[in-house]
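Open the model in your viewer and keep the selection tool at hand. The stops below go one at a time.

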Amino acid sequence: MTFIALVCAAGQAYAFTVVVHPVEITRGDPFVVVVGNTTETPAAEFGGAGLPFTSCGEACYIALGVAPLDTKPGGHPIKVSDGPLSVSLAIKVVEGKFDTQSLTLPDDKVTLSPEDETRADAEAERMRGLWAMVNPRLWEGDFIMPLEGGISTGFGTVRLMNETKKSIHSGLDIRGAYGTPVLAANTGQVVMDKDTFFGGNTVILDHGMGLYTVYMHMQESRVVEGELVARGEVVGLVGSTGRSTGPHLHYTVKLDATNVNPRALVELPLGRAQTMELGKATARADNSLMEQKQVHKQ
Ligand SMILES: [Zn+2]
């Protein structure tokens with residue numbers, strides 16, 4: 001389902017359009033906001049944070065948002081403003097189903113030595129530094145899955161390691177044979193190509209607008225830091241390096257430092273949203289979804 005709002009000042013022809021899609025999501029899912037018929041960069045607020053917009057063509061701006069895993073189920077407002085005009089729409093966040101999993105690992109991979117802990121902390125710190133950087137948009141159109149295969153651990157799975165340490169799985173574990181190519185989910189710049197303690201051979205792509213994809217446990221990387229890669233380009237090969245019990249790809253998507261369900265990102269019709277065809281098509285197909293609001297100019 002999609003929300004479409006036509007916002008106009010009383011007695012004036014001036015209006016801007018807002019498309020929010022989808023309007024019902026599960027915790028951890030992303031959504032897209034497209035603002036049309038505007039000349040200046042709009043602003044949007046969701047969950048107390050602003051969403052960065054980027055141009056998607058003439059008089060068109062696009063932003064991505066996410067409902068973090070710890071979002072309370074229910075309606076959450078998204079406020080979109082264009083100059084003096086604003087509209088508030090609601091996104092319904094549903095609880096969803098997340099697995100629980102018990103895992104047995106060598107003790108030295110769960111209870112870290114002081115040296116390993118120092119190393120893992122430094123690597124986590126470097127990654128947090130990356131998530132904080134919001135660079136110009138590089139992603140273009142729809143995202144793809146970096147590897148097709150069975151899922152051994154789903155996104156958001158609550159894991160209990162060696163019956164003591166609890167963690168929430170930040171991404172998807174996708175099964176694959178050693179050496180299977182791992183593909184870039186979209187256009188991006190390589191901002192990390194490093195052998196890390198937990199992730200083994202890890203590649204991180206910055207897609208711009210605060211969106212990052214992370215590829216872990218690879219046998220080897222096929223990219224270097226600073227390189228620009230296109231969607232579908234090989235970033236590395238499936239392996240079992242780092243804290244891993246068999247060949248698979250751990251794939252994480254970060255938006256605004258928040259874990260995003262990778263499957264739900266692939267389902268966002270970004271290729272169409274950028275040209276506003278999503279909104280136009282939905283409005284024609286089902287007028288009942290169209291919401292028209294009059295907002296007085298303050
Ligand atoms: Zn994993």
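Each stop names something to select and then says what is there.

**Confidence.** This is a predicted model. Colour the protein chain by pLDDT: the average is 87, and 86% of the residues score at least 70. Then select residues 279-298, where the pLDDT is below 50. Beyond near neighbours in sequence, this stretch has 34 contacts in the model.

**The core.** Select Val 18, Val 20, Val 33, Val 35, Ile 78, Val 182 and Tyr 215. These have the most contacts inside the largest nonpolar core, which has 59 residues. Now add strand E19 (residues 211-218), the source of the largest share of this core, with 6 residues. Both domain 1 (3-96 + 268-297) and domain 2 (100-264) supply at least three residues to the core. In soluble globular proteins, nonpolar side chains tend to be buried together.

**Strand E2 and its partner.** Select strand E2 (residues 15-21). Is E2 largely enclosed or largely in the open? Of its 7 residues, 6 are buried, so E2 is largely enclosed by the rest of the structure. Next, show strand E4 (residues 30-36), which runs antiparallel to E2 and is joined to it by 5 bridges. One pair to look for is Thr 17 with its bridge partner in E4, Gly 36.

Move on to Pro 22, in the loop between E2 and strand E3 (24-26). The peptide bond leading from His 21 to Pro 22 is cis, with omega near -10°.

**Helix H2.** Select residues 114-131, which form helix H2. How far apart are the end C-alpha atoms of H2? They are 26 Å apart, in agreement with the span expected for 18 residues at 1.5 Å a residue. The number of buried residues in H2 is 1, so the helix lies largely in the open.

**A small stop at an open sheet.** Show the 3 strands of an open sheet in the order E16-E22-E20, paired antiparallel. Its edge strands, E16 (181-183) and E20 (220-221), each pair on one side only. Strand E22 (residues 234-237) is joined to E20 by 2 bridges, and Glu 220 has Leu 237 as its bridge partner in E22.

**Two loops.** Most residues other than glycine have a negative phi, and most peptide bonds are trans. Select Asn 162, in the loop between strands E13 (158-161) and E14 (165-168). Asn 162 has a positive phi of about 50°. Finish at Ala 257, between strands E23 (248-255) and E24 (258-260), where phi is also positive, near 65°. Ala 257 is partly exposed, with 13 other C-beta atoms within 10 Å.

Terms used
Residues are numbered from 1 along each chain as its sequence is written. This is a predicted model: local features need pLDDT of at least 70, side-chain atom pairs count only at pLDDT 80 or more; totals for chains, interfaces and linings use all residues. A nonpolar core is a set of buried Ala, Val, Leu, Ile, Met, Phe, Trp, Tyr and Cys residues joined through C-beta atoms within 7 Å. A residue is buried if 20 or more other C-beta atoms lie within 10 Å of its own, exposed if 12 or fewer, and partly exposed in between; C-beta atoms are placed from the backbone. Helices (H or I, at least four residues) and strands (E, at least two) are DSSP runs, numbered from the N terminus. Domain bounds come from an automatic or database domain assignment. The expected span of a helix is 1.5 Å times one less than its number of residues. Two strands pair if DSSP finds at least two bridges between them. pLDDT is the predictor's confidence in each residue, from 0 to 100. Two residues are in contact if their C-beta atoms, placed from the backbone, lie within 7 Å.
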